[in-house]
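Please open the structure in a viewer and keep the sequence panel visible. This tour proposes a series of selections and describes what is found at each of them.

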Amino acid sequence: MTHRILIITNDATAGEKLAAICQETTIGAFSVERAERLADGLERLGHAIFDAMVVDLSSPDSQDMAAVSKLFAMAPQIPILTIGPTDDDKLATEAVEHGAQDYLAKTYCDHPLLAHVLHSIIRRKAIEQSLFIEKTRTETTLDHISEAVIGTDQSGHINYLNLAAENMTGWPREEACGQTIGKVLRMVDSHSHQATPNPIELALQQDKTMTLEAGAIMLRRDGSETAIEYSAAPLHDAGNQLIGAIMIFHDITAAQAMIAKMAYLAQHDALTNLPNRVLLDDRITQAIAWARRHGTKLALLFLDLDNFKHINDSLGHATGDKLLQSVAQRLRGCVRSSDTISRLGGDEFVILVMQDKYAQNAVRTADKILAALATPHAIDEHDLHVTTSIGISVYPMDGQDAETLIRHADIAMYHAKEKGRNNYQFFKDEMNVRVVERLAIETHLHHALARDEFILHYQPQISLKTGQIIGAEALLRWMHPKWGLLRPDRFLQIAEDCGMILPIGRWVLHNACTQARHWEKAKLEFGSLAINISALEFRHKDFISGIAAVLSETGLHPHRLQLEIAEGVLMRDVGSSLAILKQLKDMGIQLALDDFGTGCSSLRHLHQLPIDILKIDRSFIQAIGDSNGTLVSAAIAMGASLKQRTTAEGIEKPEQLNFLRTQHCDEGQGNLFSQPLAAGQFSQLLTSGCHPGKPRK
């Protein structure tokens, strides 16, 4: 490789000697170009590339260091060898300070080693340039990574910070360099907040890499805290001598927050922020251990919201979610700080109640919950009414572990539903038998339709004025091949809970309408046929179209059909109920308000609804003797004021019938007139008629 050399001197002798030496060297080829003045040299630098320059400091225009500075500024990458008349240490020092690589007296211009000097400064400049590029690359890289990097010398004084380290510590590089690492990077323990040894100090003291650690707290320059993860290692030179240390660290505050959030989410319900089953099991286990040591009790309350599924299906999951959040908030106000509320999923909640030596805390909590949930929830312009059934299990009598206690509280909750809902029941061993029975019924229900095991019975509805049959109510029965004839109270709630109520309801509607059409064809006057509609059916999106389809398939005239809807179902969302009832009314179907008096109707709401008949609940009829019939009289009067017919359900005694007649009740049904009959028996009844003075058995 040929190196191009630019010689700037007006000393012809010196120039010739330099050129000659460059031509005669054996260490490499040199190509020499000469310029007598500095201006000429500067001009040549603009048109050619040189590997080195020789500048005569004794030339008239190069006698001060300004010449060297100009050359260095114009071509800092080209090494400069300065020459002068004598060995002059001061001049040599100044030249190097202004950018020259070296200085030689002119007496050495013809020395054979001059070529070696030129070759050396060219190589040295190349190495310097390479090191500069590498250093720039390294610093640029380090300044663009997210990891903070701090370096120190062997005494622990900082000699490097990257940009991330500046930002994290709050120390600018210019101020931090030269400071001790302990001053710039203060560390405290994450738990005790006591000062801890700096990792770099430990790396220097022990001359070994410190393992990666998390959870340390770094104090910034302003005193604020940052959680970091770090590693520190000693640095050695080529001779393996310790020359310093380096530490790499990064902020893990966000990561710790995310880990904490993930841990929280793993143990809490996302909708209500209540503990989930995982955390509940842990709390119960700890509570059992505490109760065992101290000889106390604890209780679990298993809550299931009554009719929540109806609200969720009719108003949508968004409304249902808001209702669950409202319930969770009210539950928080019913417990102590030592208790735990958990949501298992859906509309099921479990409350762990820490007890004293008796089980009184559980009762007080259950009473508070029933009262708190009795008030309507204002959700999206709806006043939603929801109650809860509560099952209670107590440690140690009802179980020795979380799973058993929860299962037994769940069983007791189902018993509370069977008791009429909106109450609480303590677990009893005999409830296990009921659970097994319930599971058996649920299993057999899924096959009952396919095996044609359902039948319909019909109970007549009587005009209390004339004694004539004016209608019939279709009542579902299950003729089980092994269990015999089952009434709806044995299986209907289970059918609703397991999702079978819709197909069963469709079967009832279709078969009842088919039977009514047969009576029409046989010229048997039965009035109208009443069919009870469940809440799930009423709120189902295909309810109206399903009714229309059955009437079309069976050919039954709509005025022959009377649909009974429970008061509580209609009052749950009056606006939606009104829209559905109007569609049914437009079709010509008769509408009856079932179980009147047991819900929360108001005159305003009743006046809005296109109801034809008010059916007075049998519980009021049974109480006629005890309360002198005050409530029944009020219900009949209300029906009359609204121009709606009134039907009394469950008439069993002559004195009840007499009272109802004196109060001008329009219609009645009950065993005093006839028990529910199979279709064939009811056909005979229609043929012979029914007289209230001679009740049928």
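Begin with strands β13 and β14, which form a hairpin with two residues between the strands; there, Gly-346 takes a positive phi near 55°. The model is a predicted one. Display the backbone of the hairpin: β13 and β14 run antiparallel and are joined by five bridges. One place to check this pairing is Thr-340, which stands opposite Leu-352 in β14.

**The mixed sheet around the hairpin**

Now extend the selection to the sheet. It is an open sheet of five strands with mixed pairing, in the order β13-β14-β12-β17-β18. Which strands stand at the edges? They are β13 (340-345) and β18 (424-426); each has a single partner strand, so one side of each is left without a neighbour in the sheet. From one strand to the next, the twist averages 20°.

Move to the other edge. Strand β17 (residues 387-395) runs parallel to β18, and three bridges join the two. Select Ile-390 to find its bridge partner in β18, Tyr-424. Then add helix α14 (residues 360-374), which packs on this sheet and touches β12 (298-306), β14 (348-354), β17 and β18. The direction of α14 makes about 170° with that of β17.

**A short helix and its surroundings**

Select helix α12 (residues 308-315) next. Among its residues, Phe-308, His-310, Ile-311 and Asn-312 are buried. Against what do the buried residues of α12 pack? Their partners are β12, α13 (317-332), β16 (382-384), α17, α19 (535-539) and α21 (567-572). Just after α12, select Gly-316, which takes a positive phi of about 100°.

**Three helices, two crossings**

Two packed helices are described by the angle between their axes and the distance between the axes. Select helix α15 (residues 402-418) together with helix α16 (residues 431-448): their axes are 10 Å apart, and the helices pack at an angle of about 75°. The two helices, α15 and α16, are therefore roughly perpendicular to each other. To see the contact, show the side chains of His-408, Ile-411, Ala-412, Tyr-414, His-415 and Glu-418 in α15, which meet Met-431, Asn-432, Arg-434, Val-435 and Arg-438 in α16. By class, this contact of α15 with α16 has five nonpolar, three polar and three charged residues.

Keep α16 selected and add helix α17 (residues 488-497). Here the packing angle is about 70°, and the axes lie 10 Å apart. That makes α16 roughly perpendicular to α17. On the α16 side, Glu-437, Arg-438, Ile-441, Glu-442 and Leu-445 take part; they meet Arg-490, Phe-491, Ile-494, Ala-495 and Asp-497 of α17. The contact of α16 with α17 divides into five nonpolar, no polar and five charged residues. Arg-438 may be kept highlighted, for it appears in the contact with α15 and in the contact with α17.

**The parallel sheet**

Turn to the strands at the start of the numbering. An open sheet of five strands with parallel pairing has the order β2-β1-β3-β4-β5. Its edges are β2 (29-35) and β5 (102-105), each with a single partner strand, so one side of each is left without a neighbour in the sheet. On average, neighbouring strands are turned by 25° against each other, direction ignored. Within the sheet, strand β1 (residues 2-8) pairs in the parallel sense with strand β3 (residues 52-56) over four bridges. Ile-7 stands opposite Val-54 in β3. Add helix α3 (residues 65-74), which packs on the sheet and touches β1, β3 and β4 (80-84); its direction makes about 165° with that of β4.

**Strands that meet at β11**

Select strand β11 (residues 242-251) with strand β6 (residues 148-153): six bridges join this antiparallel pair. The bridge partner of Thr-152 in β11 is Ala-245. Strand β10 (residues 225-236) also runs antiparallel to β11, and nine bridges join them. Ala-232 stands opposite Met-247 in β11. The hairpin of β10 and β11 has five residues between the strands, and in it Asn-240 takes a positive phi near 65°.

**The nonpolar cores**

Finish with the interior. The largest nonpolar core has 78 residues, and those with the most contacts inside it are Leu-563 and Leu-660. Helix α18 (residues 501-521) contributes the largest share of this core, eight residues. A second, separate core of 29 residues includes Ala-328, Leu-331, Cys-334 and Val-335.

Definitions and conventions
Residues numbered from 1 in each chain as written. Predicted model: local features only at pLDDT ≥ 70, side-chain atom pairs only at ≥ 80, totals over all residues. Heavy atoms only, no water. Axes fitted to C-alpha atoms, helices over the stretch in contact; angles between N-to-C directions. Parallel < 35°, antiparallel > 145°, perpendicular 65-115°, else oblique. Contact = heavy atoms within 4.5 Å. Nonpolar A, V, L, I, M, F, W, Y, C, P; charged D, E, K, R; others polar. Pairing = 2+ DSSP bridges. Core = buried A, V, L, I, M, F, W, Y, C linked by side-chain atoms within 4.5 Å. Buried < 20%, exposed > 50% of the residue type's maximum accessible area, 1.4 Å probe, protein only.
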